[in-house]
Amino acid sequence: MTIVSAMKAARSPRIKSSPLLRVLPALLLVALALIGPWIAPHAVDEPVAVPFAGPGGEARLGGDQLGRDVLSRLLAGGRELVLSALLIAVVVTALAAVLGVIGALRPLVGRIVERVADVLILLPAVLGIMLVSLSWPGGGRLAIIVAATALGLPYAVRLAAGAAAPVAASGYVEAAAAGGERLWVLVVREVLPNMRATLLALFGLRFVEAVYVVATAGFLQVGPQPPAADWALMIRENSSGLLLNPWAVVAPSLAVGLLALCVNLAASALAPQTGRKAVTVL
């Protein structure tokens, strides 16, 4: 490429992808996971082929370790995971945003929240899940949701507090506080609207983390139990037949990875662009 063509390319307008196109894969994948149990071609607990049968016939993706349809269990196994991850991400992001902003507006409260968060951050996620599950044997998936929320909150609070500090120190927030505005008004009307980009990015990260924690719990059989259809359980149950029917393991693994990737892209597309605008040099 010559220098002239490079300069023309640099001056040409950038082709920007529509935010809808970047959000659409996540919407389609989440919708498919939610309606999956109703469009599954076979019952998730009835054998339709021999164990670890290859794709073909009644089973488009083959059979699992008991000869059940892999495609049907794949369609039915994502709804609980998606709903659990969404609930965890929403609760963690909302609580972290409120606690972080209050901590930025009230330094004493902020120091207490940060010290508590520092202590909880030291607890590994897997160890926390095991402790909650052992202390709450019948909790099932609800125990995993509680554990993932408690373990994800400290990181999110530290991030939200760091993002809220410069906003809380800005002139218009100090003027509103000096004018006698109440704390909840400062939090809801003055600070949180200016943290949209950070909170959307935080939601995406928390969703991916929630998928990881819930899937890890399912793989360890701490949450959902057989014969439930669950992506993490499918990976664990069918790992012994990986060479006979790889789709029984590869398909749920791809589903988990695509779900995390698409939701992160959607959160990035919805976040306001806060970067500096390009300035034309004369």
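Leaving aside its neighbours within four places in sequence, with which residues is Ser72 in contact? This report answers that question after an outline of the chain, which is a predicted model.

## Overall architecture

The chain contains 12 helices and zero strands. Of its 282 residues, 41% are buried. Among the contacts with a separation of 6 or more, 69% join residues that stand 24 or more positions apart.

The UniProt record, an unreviewed entry, lists residues 20-40, 81-105, 117-136, 142-161, 199-222 and 242-267 under "transmembrane region". Two of these spans can be described further in the model. Residues 81-105 are 100% helix and 0% strand, with 36 Å between the end C-alpha atoms. Residues 142-161 are likewise 100% helix and 0% strand, and their end C-alpha atoms lie 28 Å apart.

## Ser72 and its surroundings

Ser72 belongs to helix 3. Its relative accessibility is 0%, so Ser72 counts as buried. Beyond its neighbours within four places in sequence, Ser72 is in contact with Ala40, Pro41, His42 and Val44. The side chain of Ser72 also forms a polar contact of 2.6 Å with the side chain of Asp69.

Phe52 is placed in the loop between helix 2 (19-39) and helix 3. The phi angle of Phe52 is near 55°, a positive value in a residue other than glycine. With a relative accessibility of 14%, Phe52 falls under the 20% limit and therefore counts as buried.

## The nonpolar core

The largest nonpolar core comprises 59 residues. Val101, Leu105, Ile129, Val191, Trp231 and Leu259 have the most contacts inside this core. Helix 7 (residues 140-168) gives the most to the core, contributing 12 residues.

Trp231 offers a view of the packing around one of these core residues. When residues up to four places away in sequence are not counted, Trp231 touches Leu74, Gly77, Gly78 and Leu81, as well as Pro252, Ala255, Val256 and Leu259. Leu259 is itself among the core residues with the most contacts.

## Helix 11

Helix 11 (residues 231-238) is largely enclosed by the rest of the structure, because seven of its eight residues are buried. The buried residues are Trp231, Ala232, Leu233, Met234, Ile235, Glu237 and Asn238. Their cover includes helix 3 (70-76), helix 4 (79-105), helix 10 (196-219) and helix 12 (247-270).

At the start of helix 11, Asp230 directs a side-chain oxygen towards the backbone: this oxygen reaches to within 3.0 Å of the backbone nitrogen of Ala232.

## A buried charge at Glu190

Which side chain of opposite charge is nearest to Glu190, and how far away is it? Glu190 lies in helix 9 (residues 183-191) and is buried, yet has no salt bridge. The nearest side chain of opposite charge is that of Arg189, 6.8 Å away. A salt bridge requires a distance within 4 Å, so this pair does not form one.

Leaving aside neighbours within four places in sequence, Glu190 is in contact with Val167, Tyr172, Val173, Ala176 and Val185.

Key
Residues are numbered from 1 along each chain as its sequence is written. This is a predicted model: local features need pLDDT of at least 70, side-chain atom pairs count only at pLDDT 80 or more; totals for chains, interfaces and linings use all residues. Side-chain values use heavy atoms; hydrogens and water are left out. Helices (H or I, at least four residues) and strands (E, at least two) are DSSP runs, numbered from the N terminus. Buried means under 20% relative accessible area, exposed over 50%, partly exposed in between (1.4 Å probe, protein chains only). Lys and Arg count as positive and Asp and Glu as negative; His and the chain ends are not counted. Contact means heavy atoms within 4.5 Å. A polar contact is a pair of N or O atoms within 3.5 Å; within protein, one must be able to donate a hydrogen and the other to accept it, and residues adjacent in sequence count only if both atoms are side-chain atoms. UniProt positions are given in the numbering used here, feature names are shortened, and annotations may be inferred rather than shown by experiment. A nonpolar core is a set of buried Ala, Val, Leu, Ile, Met, Phe, Trp, Tyr and Cys residues joined through side-chain atoms within 4.5 Å.
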